[in-house]
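Biologist: Hey, can you walk me through this fold? I'm new to reading structures, so keep it simple.

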Amino acid sequence: ALFFSAFASSLWAQSKKRPDLSGLAETYEKRSFEHGDGQKLLYRLLKPPFLEKGKKYPVLVCLHGSGGRGKDNRKNLSGTRASQVIANPKMTDKFPCFAFVPQCPPEGSWSPRRGKGQDYIPVALAALDALLKEFGEAIDPRRIYVTGQSMGGFGTYNMLSSRPGFFAAGAPVCGGWKLEDVPKLARTPLWIFHGANDKVVPTKYSRDLNAALKQARAVVKYTEYPGVGHNSWTKAYADPELWGWMFSLQRGK
C-alpha cells in the first residue's frame with residue numbers, strides 16, 4: 001500500500017511538470033512508415049528497457065491531440081500526456097512495453113469528425129501492423145492497447161471501431177464518437193475520461209457513449225472530473241489505477 005501511494009504521488013507530481021522533450025526525444029526512437037499508396041507517417045517508438053529473450057511485451061498506442069499535428073516527429077510527444085508518463089523510468093520498470101506514438105500530418109486528422117482533412121487512422125494502423133511484424137517475437141498480440149487525448153480520444157474510438165476486438169483495452173480521454181458504432185466498441189474493455197466543464201469537446205459525448213456501452217453490456221468504466229475543463233488528460237494519465245487496469249487485460253480474457 002505504501003509503495004502504491006508513493007507511486008501515485010510520483011505520477012501526479014510528474015503530470016504537473018512541463019515535459020522534458022529533449023529527454024523524451026532521446027528515449028523515443030525516431031521512425032517513419034510509408035504506406036503502400038505512398039502516404040508517409042512519422043512516429044516515435046519506445047522499447048522496453050531490456051528485451052528478454054523469450055519474453056513478450058505489450059504495445060501501447062498513444063494518439064496526440066490536434067496540437068500534435070506536424071512534420072517534425074516531435075509535437076506528437078508533447079501532444080499526448082500518455083507518451084510522457086509511460087516513458088518515466090518508474091513506469092518502464094513497472095510496465096515495460098513498446099509505445100507507438102504516430103504523428104498526424106497537418107492536413108490530416110485522427111477522425112473524420114474532428115477537424116478537416118484525411119483520416120489518418122488507417123495509415124497509423126498499417127504502421128502498427130508493420131511494427132507487430134518487425135518485433136513479432138517480442139510482442140504479445142493479446143496485449144495491444146490504445147489511448148489518446150482530445151483529437152486522440154476520437155482517434156481511440158476510431159481505432160477500436162475500425163478493428164473490433166483487436167485491442168485488449170482502450171482509454172479515450174475527452175473524446176467522442178458516433179453511437180452507431182457502440183456494438184463494435186463494446187467488443188473491447190473501455191475506460192472513458194472527461195472533464196465536467198469541458199468547453200472544447202462536450203462532456204455529453206462521453207456520457208452518452210458510457211450509457212450506450214452499458215446498455216450494450218460492454219466492459220466499461222467512466223471517470224468524470226468535476227470542475228475540470230478540456231485538460232482532463234492531466235488527471236487521467238496521473239492515475240496509477242488506469243495503468244494497472246489496462247496492463248492487466250488481455251484480448252480474449
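Modeller: Sure, let's begin with helix 6, which lies across strand 1, strand 2, strand 3 (57-63), strand 4 and strand 7 (139-149). Helix 6 runs at about 115° to strand 1. Axes are lines fitted to C-alpha atoms, for helices over the stretch in contact (heavy atoms within 4.5 Å), and angles run from 0 to 180 degrees between N-to-C directions. Helices (H or I, at least four residues) and strands (E, at least two) are DSSP runs, numbered from the N terminus.

Biologist: Where does this model come from?

Modeller: It's a predicted model, where local features need pLDDT of at least 70, side-chain atom pairs count only at pLDDT 80 or more, and totals for chains, interfaces and linings use all residues. Residues are numbered from 1 along each chain as its sequence is written, and side-chain values use heavy atoms, with hydrogens and water left out.

Biologist: Back to helix 6: what span does it reach from its first C-alpha to its last?

Modeller: Helix 6 has 14 residues and reaches 20 Å, close to the 20 Å expected at 1.5 Å a residue. The expected span is 1.5 Å times one less than the number of residues.

Biologist: Which residues of helix 6 are buried?

Modeller: I121, V123, A124, L125, A126, A127, L128, L131 and L132. Buried means under 20% relative accessible area, exposed over 50%, partly exposed in between (1.4 Å probe, protein chains only).

Biologist: And how many residues are in the largest nonpolar core?

Modeller: The largest nonpolar core has 44 residues, and W110, L128, M159 and F167 have the most contacts inside it. Helix 6 (residues 121-134) gives the most to this core, with 9 residues. A nonpolar core is a set of buried Ala, Val, Leu, Ile, Met, Phe, Trp, Tyr and Cys residues joined through side-chain atoms within 4.5 Å.

Biologist: What does M159 touch?

Modeller: Not counting residues up to four places away in sequence, M159 touches V61, L63, I121, A124, L125, V146 and F167. There's also a second, separate core of 34 residues, which includes L24, V85, I86 and Y145.

Biologist: New topic: in what order do the strands of the open sheet go?

Modeller: The open sheet has 8 strands in the order 1-2-4-3-7-8-9-10, with mixed pairing. Two strands pair if DSSP finds at least two bridges between them. Strand 1 (29-34) and strand 10 each have a single partner strand, so one side of each is left without a neighbour in the sheet. The twist averages 20° from one strand to the next.

Biologist: In what sense do strand 2 and strand 4 pair, parallel or antiparallel?

Modeller: Antiparallel, over 5 bridges. Y43 stands opposite P102 in strand 4.

Biologist: And what about strand 9, is it buried or exposed?

Modeller: Strand 9 (residues 190-195) is mostly covered, with 6 of its 6 residues buried. L190, I192 and H194 are on one side, while W191, F193 and G195 are on the other.

Biologist: How many bridges join strand 9 to strand 10?

Modeller: 6 bridges, and these strands run parallel. The chain gets from strand 9 to strand 10 through helix 9 (residues 203-215), in a right-handed β-α-β crossover. Right-handed means that, with the strands pointing away from the viewer, the path from the first strand over the helix to the second runs clockwise.

Biologist: Why does T203 count as buried?

Modeller: Because its relative accessibility is 5%. T203 lies in helix 9. Leaving aside neighbours within four places in sequence, T203 is in contact with H194, G195, A196, N197, D198, Y222 and E224.
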